[in-house]
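The following exercises concern strand pairing and sheet topology. Each task is followed by a solution that proceeds step by step.

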Amino acid sequence: MRRSPRKPPRRRDQAYFLYRLTAQQLAHTLFPLGGMHKCDVRARAAALGLTEVAEKPDSQDLCIDRAELLGRDEQPGEITDETGHVLGYHTGFWRFTPGQRKGVGLSGFPEPLFVKRLEPETNRVVVGPASSLQAPALEVDQASWTSIEPPPPGTVFTCGVKPRSAGRPLPDCRVEILPDNRFRVTRPEGFRAPSPGQSAVLYSGSLLLGGGRVASRRAAPAI
């Protein structure tokens, strides 16, 4: 049975990955599909009789053997809480991601446990309840501005922020521009399981403003 095209899932907006490009770079970039959504491409493929393309399942996560990629064999280690109490064991810290719940291998505790952080130097995975994953602010470096001129230090504005590629931008975040190509983002509800190295991307409605790399999950000292 041929499936009818679905509406585009806004939470999987691929523009998120373009924040590293400047307006000048984008002006010299051509996108073969233009403004078409995936459902439009599927419908066009179906009209042309390209059934395999029209009905091809959506891609999900990148499927790789991380141990092979890193050139490592299994390396047993501890899963602990914040106090260092051992709750379980694993076969390599690189198999986990901050914020992860499924696949951690822990059960029977009063509340669900999430990966809070990884400690490569000790091969330890630290877990905690959902409440322990909240951070009040993100300090972001390596800022790149895609559709606006770089704001000067001291500039403060409110916009949406995506601290990960999936989901919609978190609304009403306060952005403060800092020196050295950095900015700080705060919101009353905080941010769940931010991880240094991931991206924080800024939006004004559907317009991609820019973004940067999360350098710290704690508020930086006032300047």
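Two strands count as paired if DSSP finds at least two bridges between them. The model under study is predicted.

**Exercise 1.** Determine which strands pair with β10, and in what direction they run relative to β10.

*Solution.*
Step 1. Strand β9 spans residues 199–204, and 6 bridges join β9 to β10. The two strands run antiparallel.
Step 2. A residue pair illustrates this register: glycine 210 in β10 lies opposite leucine 202.
Step 3. Strand β5 (residues 134–145) is joined to β10 (residues 207–216) by 5 bridges, again in antiparallel fashion. Here valine 214 of β10 is the bridge partner of valine 140.
Step 4. Both bridge counts satisfy the cut-off of at least two, so β9 and β5 each pair with β10.

**Exercise 2.** Characterise the connection between β9 and β10.

*Solution.*
Step 1. These strands form a hairpin, with 2 residues between them.
Step 2. In the turn, glycine 205 adopts a positive phi of about 65 degrees.

**Exercise 3.** In what order do the strands of the open sheet containing β1 lie, and which strands form its edges?

*Solution.*
Step 1. The sheet comprises 4 strands in the order β2-β1-β4-β3, and its pairing is mixed.
Step 2. β2 (86–90) and β3 (114–119) are the edge strands, each pairing on one side only.
Step 3. From one strand to the next, the twist averages 30 degrees.
Step 4. Within the sheet, β1 (residues 77–80) and β4 (residues 124–128) run parallel and are joined by 2 bridges. Isoleucine 79 stands opposite valine 125 of β4.

Definitions and conventions
Residues are numbered from 1 along each chain as its sequence is written. This is a predicted model: local features need pLDDT of at least 70, side-chain atom pairs count only at pLDDT 80 or more; totals for chains, interfaces and linings use all residues. Side-chain values use heavy atoms; hydrogens and water are left out. Axes are lines fitted to C-alpha atoms, for helices over the stretch in contact, and angles run from 0 to 180 degrees between N-to-C directions.
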